[in-house]
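The exercises below are meant to be worked through with the sequence and the coordinates open side by side. Each task is followed by a solution that proceeds step by step.

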Amino acid sequence: MLLAVAFTSCKSTSSVVSKNESKKENRYLVNNLIEKATDNIGVRYKAGGTTKAGFDCSGLVYTTFESENIKLPRPSYEQAKIGKVIPLNDAKKGDLIFFKTNKSRTINHVGLITEANSDEVKFIHSSTSKGVIISSTKEAYYKDSFEQVNRVIP
């Protein structure tokens with residue numbers, strides 16, 4: 001009986017260790033993704049673009065995740081179907097944020113969250129007018145067109 005208790009105790013400890021290791025690995029992964037995306041700040045917008053010659057919004061997200069061997073669909077409306085939809089106030093670094101811009105009926109814009117707190121979410125994306133930049137949900141344009149946040153990396 002004592003042996004069983006000791007074994008159970010070891011088992012739960014190893015499960016906690018693996019959960020902590022997994023969280024550490026995910027934090028490392030998220031930081032790598034954000035670093036990879038921010039390396040492209042200033043790159044111009046290009047419809048269909050997936051290289052330093054120019055990115056569109058989903059192309060930036062697609063190639064950023066691909067750099068860590070994470071395969072995402074190419075268009076933003078398909079990327080919006082990946083992972084778990086979560087409330088905006090639960091958003092964290094590494095989540096994807098989606099918009100319906102210009103009165104679109106479908107999701108047509110995506111960004112990668114770089115920072116999140118209780119009153120603001122910052123995200124990197126490729127805008128048609130400024131190329132790859134970091135924007136905020138405090139900006140009226142993005143506040144008004146916000147659609148959802150997806151957690152792709154737990």
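**Exercise 1: the pairing of strand β8**

Task: Determine how many bridges join strand β4 to β8, and in which direction the two strands run; then treat strand β3 in the same way.

Solution. The model is a predicted one, and the work begins with β4, which spans residues 96-99 and is joined to β8 by four bridges, the two strands running antiparallel. Within this pairing, Phe 98 stands opposite Gln 148 of β8. The next step turns to β3, residues 84-86, which is connected by three bridges to β8, residues 146-151, again in an antiparallel arrangement. Here Ile 86 has Val 149 of β8 as its bridge partner.

**Exercise 2: the order of elements and the chain as a whole**

Task: Count the helices and strands of the chain, write down their order, and state what share of the residues is buried.

Solution. The count gives four helices and eight strands, and reading along the sequence yields the pattern α-β-β-α-α-β-β-β-β-β-α-β. For burial, a residue qualifies when its relative accessible area is under 20%, and 39% of the 154 residues of the chain do so. The exposed surface of the chain amounts to about 9100 Å², of which carbon and sulfur atoms supply 54%. Finally, if one takes the contacts between residues at least 6 apart in sequence, 52% of them join residues at least 24 apart.

**Exercise 3: the largest pocket**

Task: Give the volume of the largest pocket, find which residues lie closest to its centre, and identify the element that contributes the largest share of its lining.

Solution. The largest pocket holds about 330 Å³ of space. Its lining comprises 18 residues, and those closest to the centre are His 109, Ser 127, Thr 128, Tyr 141 and Tyr 142. Sorting the lining by element shows that β6 (120-127), β7 (131-136) and α4 (140-145) each supply at least two residues, with the largest share, three residues, coming from β7. Sorting the lining by class instead gives six nonpolar, nine polar and three charged residues.

**Exercise 4: the second largest pocket**

Task: Describe the second largest pocket by its volume and by the classes of its lining residues.

Solution. The volume is about 200 Å³. The lining includes Lys 23, Arg 27, Lys 92 and Lys 93, together with Ser 22, Asn 26, Val 30, Asn 31, Ile 153 and Pro 154. Assigning each residue to its class then gives three nonpolar, three polar and four charged residues.

Note on methods
Residues are numbered from 1 along each chain as its sequence is written. This is a predicted model: local features need pLDDT of at least 70, side-chain atom pairs count only at pLDDT 80 or more; totals for chains, interfaces and linings use all residues. Side-chain values use heavy atoms; hydrogens and water are left out. Two strands pair if DSSP finds at least two bridges between them. On a 1 Å grid over the protein atoms alone, a cavity is a set of points where a 1.4 Å probe fits but cannot get out, and a pocket is an open set with protein on both sides within 12 Å along at least five of seven lines; lining residues have an atom within 4 Å of a point. Grid points are joined across faces, edges and corners, and a volume is the space filled by probe spheres set on the points. Ala, Val, Leu, Ile, Met, Phe, Trp, Tyr, Cys and Pro count as nonpolar, Asp, Glu, Lys and Arg as charged, and the others, Gly among them, as polar. Buried means under 20% relative accessible area, exposed over 50%, partly exposed in between (1.4 Å probe, protein chains only). Contact means heavy atoms within 4.5 Å. Accessible areas come from the Shrake-Rupley method with a 1.4 Å probe; for residues, only the protein chains shown count as cover.
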